[in-house]
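Subject: Structure handover

Hello,

Here is the structure I promised to pass on. Please open it beside this email and follow along; my notes come after it.

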Amino acid sequence: IGLTLDNALCLPWQTRCTIAGGKDPIDRLSTWEQLHKCQALLGVREEVLLAPLHPGCAPRVDPAANASKDLVSKGGVLLICGQPGMGKDELSEYVTQVCHDSHGMVPVFGSGRARPGQELNPIRELCLSSLEGLRHTELLPTDPSQALKKMVDPAYHSLIPLLEFDLQVGEAE
C-alpha cells in the first residue's frame, strides 16, 4: 500500500470496493454490520444498529462502536479478521481509503500470513512501510534500524536487530 506522487492511494492489487475504485458496491450495503462498526469508529456514521435480541424487537445500538471516535482522534489499531469470504479485503480497502481521504492518515502494510521460517516478515514489512510513509512528513535516517531507534522508546532498541533489516525480505531465517 502506498501513495502516488499526487498523494492518491495506491493498492498493490485490483481493488474491489467502489470507494477504492473497484466495481463491487459492497461498501454501500446498508445491512453489513461490520461496515457500520468501522464507519462509527472512523466518524462516518453516528451510530451502529445491531440485530434485535429477539424477533419482533427493535434493533439495538452498539455501544462499543459509539463509545468514541478515539481511533481517529487519538490513534490506535484496527484489526480486521474473520472467516474466508466475509469481506475482509473489501472492508480493509474501505477503511484504508476513508482514513486516507477523510483523515489524512498514511496507509501502511497489512498481512494475512507469514511463511514458515519467516515469521517476522509481516512485522518487518509493517515497520518499513510505516517508515516510508513517515518520510513524507519527517526527516528520518535512510537506514531502517537507525530510523526506528529515532522513533521508538529506548527500552525497545534491543529488539530492532531481530528484524534483520540488513537482509532482503525473504532471506531471513
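About 11400 Å² of the chain is exposed, and carbon and sulfur atoms supply 56% of that area. Please keep in mind that this is a predicted model. Of the 173 residues in the chain, 28% are buried.

The secondary structure consists of 6 helices and 4 strands. Read along the sequence, their order is β-β-α-β-β-α-α-α-α-α. Among contacts in the chain with a separation of 6 or more, 43% are between residues 24 or more positions apart.

Salt bridges

How many salt bridges does a search of the whole structure find? The count is 4. Side chains of opposite charge can pair when their charged atoms come close.

One of them joins the side chains of Arg16 and Asp89, with 2.8 Å from N to O. Arg16 sits in the loop between strand 2 (9-10) and helix 1 (33-41), while Asp89 is in helix 4, so this pair ties together parts that are 73 residues apart in sequence. Both partners fall in the middle class of accessibility: Arg16 counts as partly exposed at 36% relative accessibility, and Asp89 counts as partly exposed at 42%.

Arg16 also forms a salt bridge with Glu90, where the closest N and O atoms are 3.9 Å apart. Glu90 belongs to helix 4 and Arg16 to the loop between strand 2 and helix 1, so this pair ties together parts that are 74 residues apart in sequence. Glu90 is buried, because its relative accessible area is 12% and the limit for buried is under 20%. Arg16, Asp89 and Glu90 are thus linked in a network of salt bridges.

Elsewhere, Glu164 forms a salt bridge with Arg124, the closest N and O atoms being 3.8 Å apart. This pair links distant parts of the chain: Glu164 lies in the segment after helix 6 and Arg124 in helix 5 (residues 121-134), 40 residues apart. Glu164 counts as partly exposed, at 25% relative accessibility, whereas Arg124 is buried, with a relative accessible area of 2%.

A buried charge without a partner

Glu93 is found in helix 4 (residues 88-103). Which side chain of opposite charge is nearest to Glu93? That side chain is Arg16, 5.2 Å away. Glu93 is buried yet has no salt bridge. A salt bridge needs the nitrogen and the carboxyl oxygen within 4 Å, so a pair at a distance of 5.2 Å does not qualify.

Not counting residues up to four places away in sequence, Glu93 touches Leu11, Trp13, Gln14, Thr15, Arg16, Cys17 and Ala20. Ala20, like Arg16, can be looked up in the loop between strand 2 and helix 1. The C-alpha atoms of Ala20 and Glu93 are separated by 6.3 Å, although the two residues are 73 residues apart along the chain. Ala20 is buried, with a relative accessible area of 16%. Leaving aside neighbours within four places in sequence, Ala20 is in contact with Leu11, Thr15, Glu93 and Gln97.

Nonpolar cores

The largest nonpolar core has 15 residues, of which Cys17, Trp32, Leu35, Leu42, Leu91, Tyr94 and Val95 touch the most other members. Helix 1 and helix 4 are the elements that give two or more residues to this core. Which element gives the largest share of this core? The answer is helix 4, with 5 residues.

Tyr94 is one to select in the viewer. Apart from residues up to four places away in sequence, Tyr94 touches Cys17, Ile19, Asp27, Leu35, Gln39 and Val44. Another core, of 8 residues, lies apart from the largest one; among its members are Cys127, Leu131, Ala147 and Ile160.

A nonpolar patch on the surface

Leu120, Ile123, Tyr156, Leu159 and Leu162 form a nonpolar patch on the surface. Together they have about 480 Å² of accessible area. Leu159, one of these residues, lies in the segment after helix 6 (144-151). Is Leu159 buried or partly exposed? Leu159 counts as partly exposed, because its relative accessibility is 46% and the exposed class begins over 50%.

Regards

Key. Residues numbered from 1 in each chain as written. Predicted model: local features only at pLDDT ≥ 70, side-chain atom pairs only at ≥ 80, totals over all residues. Heavy atoms only, no water. Patch = residues over 30% accessible without salt bridge, like charges linked within 9 Å, V, L, I, M, F, W, Y side chains within 5 Å. Areas by Shrake-Rupley, 256 points an atom, 1.4 Å probe, with all protein chains shown as cover. Buried < 20%, exposed > 50% of the residue type's maximum accessible area, 1.4 Å probe, protein only. Contact = heavy atoms within 4.5 Å. Lys, Arg positive; Asp, Glu negative; His and termini not counted. Core = buried A, V, L, I, M, F, W, Y, C linked by side-chain atoms within 4.5 Å.
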